Amino acid sequence: MIPDYTKIEEFVKGRIKLSRFQHSIGVMEMSLSLAKRFGVDEEKAKVAAIYHDAYRYDSTSESISLVEAGGYEVWPEEIEDPMLLHGALAAIHFDSDTGANIPKDMKDAVRHHTLGHVSMGKLGAIIYISDYAEKGRKHITEEERNIILSKETLEDMIIYIMDKSRSYLLSCGIEEAGVSKELYSFLKEGGKL
């Protein structure tokens with residue numbers, strides 16, 4: 001069951017900072033556009049997108065055991081930086097926060113929007129792309145945003161984003177997450193989400 005978007009938007013607005021909420025609105029708008037373009041359920045895209053950062057400020061070292069108890073794998077990078085678990089926390093709370101039995105593809109999309117995953121599916125790809133490229137993001141130019149959106153497939157959009165992210169991480173001396181490397185290899189070898 002897909003919950004009422006307006007109620008979820010109000011719930012999220014009450015949980016996060018205004019700047020983060022504005023980002024979530026931007027993610028929702030881009031996700032809706034991409035869902036229309038690629039034939040993905042638009043209501044699922046809207047709700048997952050607005051909800052994706054609902055637990056952005058709730059991650060602590062104690063989140064690791066909560067995520068594991070919720071049935072999600074925790075990666076080494078998430079142990080080092082528990083903030084990365086906010087998507088997993090949101091996925092765990094999705095049902096109780098909405099009073100609905102949220103479909104698995106929506107939970108997976110929220111879970112994997114930060115580091116990506118080979119099993120995130122089309123909806124997950126849409127949230128991942130939108131989280132990186134929504135119009136309020138200042139780390140990319142309008143030209144880069146247009147390049148991303150000009151790609152013919154979701155997979156090509158993600159490859160472009162990951163190429164940019166990998167260059168940035170390398171310049172900072174930061175090791176890319178293993179799960180992200182796996183996704184990149186999967187897509188470069190022609191894998192489809």
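## The enclosed cavity

About 40 Å³ of space lies in the largest cavity of this predicted model. Counting cavities of 30 Å³ or more, the structure holds one.

Who lines this enclosed space? The lining of the largest cavity is made by Trp-75, Glu-78, Leu-84, Gly-87, Arg-111, His-112, Thr-114 and Leu-115. Sorted by class, that lining has three nonpolar, three polar and two charged residues.

## The open pocket

Now for the largest pocket, whose volume is about 990 Å³. Its lining takes in 29 residues, and those nearest the pocket's centre are Leu-84, Thr-114, Leu-115, Ser-165 and Leu-169. Three helices each give two or more residues to this lining: H5 (76–80), H8 (121–133) and H10 (154–172).

Which helix gives the largest share of the pocket lining? That is H10, with seven residues. By class, the pocket lining has twelve charged, eleven nonpolar and six polar residues.

If you are following residues from one space to the other, Leu-84, Thr-114 and Leu-115 line the cavity and also lie among the residues nearest the pocket's centre.

## The nonpolar cores

In soluble globular proteins, nonpolar side chains tend to be buried together. Here, the largest nonpolar core has 58 residues, and Tyr-51, Ile-129, Ile-148 and Ile-158 have the most contacts inside it.

Take Ile-148 for a look at such contacts: leaving aside residues up to four places away in sequence, Ile-148 touches Ile-129, Tyr-132, Ala-133, Ile-140, Met-157, Tyr-160 and Ile-161. There is also a second, separate core of five residues, including Trp-75, Leu-115, Ala-177 and Val-179. Of these, Trp-75 and Leu-115 bring us back to the cavity, since both appear in its lining.

Terms used: Residues are numbered from 1 along each chain as its sequence is written. This is a predicted model: local features need pLDDT of at least 70, side-chain atom pairs count only at pLDDT 80 or more; totals for chains, interfaces and linings use all residues. Side-chain values use heavy atoms; hydrogens and water are left out. On a 1 Å grid over the protein atoms alone, a cavity is a set of points where a 1.4 Å probe fits but cannot get out, and a pocket is an open set with protein on both sides within 12 Å along at least five of seven lines; lining residues have an atom within 4 Å of a point. Grid points are joined across faces, edges and corners, and a volume is the space filled by probe spheres set on the points. Ala, Val, Leu, Ile, Met, Phe, Trp, Tyr, Cys and Pro count as nonpolar, Asp, Glu, Lys and Arg as charged, and the others, Gly among them, as polar. Helices (H or I, at least four residues) and strands (E, at least two) are DSSP runs, numbered from the N terminus. A nonpolar core is a set of buried Ala, Val, Leu, Ile, Met, Phe, Trp, Tyr and Cys residues joined through side-chain atoms within 4.5 Å. Buried means under 20% relative accessible area, exposed over 50%, partly exposed in between (1.4 Å probe, protein chains only). Contact means heavy atoms within 4.5 Å.
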